[in-house]
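Reader: Hi! I've got a new model open on my screen and would love a quick tour. Could you walk me through it?

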Amino acid sequence: MSYEKEQKDKKNIPLEVGEKEDFSFLQETIKKESKKKTVFLQSLKIGMFGFLFGICFCLGFFAFKPWVSNRFQKESKQVSIPEDEKPKKKELSPCDLQVVAPLELNADNFNQMMESIYNIAKKASRSIVSVESIHEKEEKQSVKATGLILADNNQELLILCGNLVCPDATSWQITFSDNRTYTASLKKQDKISGLAVFSIPRHNIQKETWDYLEVATLGNSNFVAKGEFVMALGNLYDNSEGVGYGVISSNEQYEVRTDRRYNVLATDISATESGTGVIFNLGGDVIGMIDPRIVKDTDATFAKAIAISDIKSTIEFLVNGESVPCVGITGSAVDQQVAGQEEMPSGIYVTQVQPDSPAMSAGIQSGDIIYEVAGVPVKELQSYERVVYSCKKDQVITAKGKRLGADGYVNISFTITIGSNE
């Protein structure tokens with residue numbers, strides 16, 4: 001504003017005609033209205049980028065899920081098979097001594113009893129699977145056998161089965177009781193016991209299967225009595241869902257194999273010659289694994305099982321992916337009575353030495369009597385087996401024995417490198 005105008009303002013002198021007032025100090029900027037269209041387009045772009053990012057994230061998540069599961073899943077835990085406990089003696093109370101009137105058996109309570117047994121079998125069947133071998137060569141026929149859900153080590157679900165399905169197989173298909181099938185791999189096998197353990201990665205198993213399956217409980221077969229009611233489940237009749245009821249017809253038979261002796265539970269439950277399965281007691285506990293390779297002494301075909309208590313040590317090795325220790329002898333015990341009658345030292349009388357075994361490499365022969373292994377006296381097959389199982393593969397131990405010579409039995413020692421038969 002000019003000096004003259006300032007003076008006129010101060011004196012309130014009106015401006016002359018034609019003279020314009022200078023408002024240059026008021027430089028008003030008229031803002032345009034917000035561009036709604038531009039804001040909308042920017043919001044749309046942000047939304048599109050967010051949508052695309054979400055799709056990429058989801059695709060990346062599913063693509064890397066198996067790797068993430070393997071990388072960050074829980075560490076594998078050691079599986080421990082509990083030892084058998086002796087049943088506790090129950091002290092009788094006055095109530096236990098009361099005479100109870102016998103229950104009258106009729107159609108109604110018989111049906112109730114059978115329904116109760118069926119419910120036990122139905123629950124036990126959740127721990128039963130079917131294992132089928134897959135071969136690359138088409139001329140090789142697949143083999144099916146009954147498997148038992150044994151343990152979950154945080155990384156794998158572990159399945160126990162006879163190794164009948166192992167020869168020449170490249171992979172295995174395991175079908176659960178919910179009819180879902182998964183591919184499994186062989187974790188470990190032992191050809192002496194005829195057992196194998198297969199594994200399925202946890203993240204491969206669907207939630208529906210996890211909700212339905214049941215990990216089996218291994219019972220105590222040492223106190224199974226003749227006449228005890230049992231159930232057989234599995235591939236008994238060339239059908240993976242076979243069920244049979246019966247009793248223990250004999251518990252006095254046994255099966256002698258290399259380094260081991262197994263008690264055999266014979267039943268009156270019919271089965272095909274190649275039938276496999278699992279024996280359960282009425283508590284739903286596993287007491288035996290049906291094995292068609294058990295020596296048959298009659299023409300009739302009944303289910304026979306290896307007592308579960310006798311293979312628990314073997315199972316613990318296999319389920320943890322460890323080799324089952326092996327020396328390689330078959331023998332029988334020379335007890336004090338036989339030793340006195342036959343003028344023989346007591347110990348394990350060697351009846352056969354397995355070819356290419358640690359025992360053969362150490363120089364053990366048929367007819368030798370082993371009385372000490374790894375510094376521990378052995379007088380029967382059970383104590384011998386315990387000592388061998390306390391060793392590890394490739395461990396070097398010393399065994400002491402006696403061999404019959406011209407002047408009677410002489411002392412002899414052996415250096416044995418523990419092996420395995422896989």
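Author: Happy to. This is a predicted model. A good place to start is the closed barrel of six strands, which runs S1-S2-S3-S6-S5-S4 with antiparallel pairing. From one strand to the next, the twist averages 40°.

Reader: Nice. How many bridges join S3 and S6?

Author: Seven bridges, in the antiparallel sense, between strand S3 (residues 156–162) and strand S6 (residues 195–201). To find one of them on screen, pick Leu157, whose bridge partner in S6 is Ile200.

Reader: Got it. What about the loop between S2 and S3, which residue there has a positive phi?

Author: Look at Asn154, which sits in that loop. Its phi is near 80°, a positive value in a residue other than glycine. Asn154 is partly exposed, with a relative accessible area of 23%.

Reader: Where is Asp356, and what is its phi?

Author: Asp356 is in the loop between strand S14 (347–353) and helix H7 (358–362). Phi of Asp356 is near 55°, which is again a positive value in a residue other than glycine.

Reader: Is Asp356 buried or exposed?

Author: Asp356 counts as exposed because its relative accessible area is 77%, and the cut-off for exposed is over 50%.

Reader: And Ile348, in which strand is that?

Author: Ile348 belongs to strand S14. It is buried, at 0% relative accessibility. Its C-alpha atom is separated by 6.1 Å from that of Gly331, although the two residues are 17 apart along the chain.

Reader: Switching topic: pockets! What volume does the largest one have?

Author: The largest pocket has a volume of about 700 Å³. It is lined by 23 residues, and the closest to its centre are Ser309, Asp310, Lys312, Ser313 and Arg386.

Reader: Which elements supply the lining of that largest pocket?

Author: Strand S9 (260–270), helix H5 (312–319) and helix H8 (381–389) each give at least two residues to it.

Reader: And how does that lining split by class?

Author: The lining of the largest pocket has 11 charged residues, seven polar and five nonpolar.

Reader: How about the second largest pocket, what volume does that have?

Author: About 410 Å³ for the second largest pocket. Its lining comes to 19 residues, with Ser125, Ser177, Ser240, Glu241 and Val243 nearest the centre. Helix H3 (107–124), strand S1 (128–134), strand S7 (229–234) and strand S8 (242–257) are the elements that give two or more residues to this lining.

Reader: How many charged residues are in that second lining?

Author: Two are charged in the lining of the second largest pocket, next to nine nonpolar and eight polar.

Reader: H3 and S1 both came up there. Which residue in the loop between them is worth a look?

Author: Try Ser127, which lies in that loop. The side chain of Ser127 reaches the backbone oxygen of Ala124 at 2.7 Å.

Reader: Is Ser127 buried or exposed?

Author: Ser127 counts as buried, since its relative accessibility is 3% and the limit for buried is under 20%.

Reader: What about Asn281, where does that one lie?

Author: Asn281 is in the loop between strand S10 (277–280) and strand S11 (286–290). The side chain of Asn281 reaches the backbone nitrogen of Asp285 at 2.9 Å. Asn281 is buried too, with a relative accessible area of 14%.

Reader: Last topic: closed spaces. How many cavities of 30 Å³ or more are there?

Author: The count comes to four cavities of 30 Å³ or more. The largest cavity holds about 120 Å³ of space.

Reader: Which residues lie nearest the centre of that largest cavity?

Author: Gly162, Leu195, Met289, Ile290 and Asp291, out of 16 lining residues. Strand S2 (144–152), S3 and S11 each supply at least two residues of this lining.

Reader: So S3 turns up again. What classes line the largest cavity?

Author: Nine residues of that lining are nonpolar, five are polar and two are charged. And yes, S3 is also one of the strands of the closed barrel.

Reader: Great, thanks for the tour!

Methods: Residues are numbered from 1 along each chain as its sequence is written. This is a predicted model: local features need pLDDT of at least 70, side-chain atom pairs count only at pLDDT 80 or more; totals for chains, interfaces and linings use all residues. Side-chain values use heavy atoms; hydrogens and water are left out. On a 1 Å grid over the protein atoms alone, a cavity is a set of points where a 1.4 Å probe fits but cannot get out, and a pocket is an open set with protein on both sides within 12 Å along at least five of seven lines; lining residues have an atom within 4 Å of a point. Grid points are joined across faces, edges and corners, and a volume is the space filled by probe spheres set on the points. Helices (H or I, at least four residues) and strands (E, at least two) are DSSP runs, numbered from the N terminus. Ala, Val, Leu, Ile, Met, Phe, Trp, Tyr, Cys and Pro count as nonpolar, Asp, Glu, Lys and Arg as charged, and the others, Gly among them, as polar. Two strands pair if DSSP finds at least two bridges between them. Axes are lines fitted to C-alpha atoms, for helices over the stretch in contact, and angles run from 0 to 180 degrees between N-to-C directions. Buried means under 20% relative accessible area, exposed over 50%, partly exposed in between (1.4 Å probe, protein chains only). A polar contact is a pair of N or O atoms within 3.5 Å; within protein, one must be able to donate a hydrogen and the other to accept it, and residues adjacent in sequence count only if both atoms are side-chain atoms.
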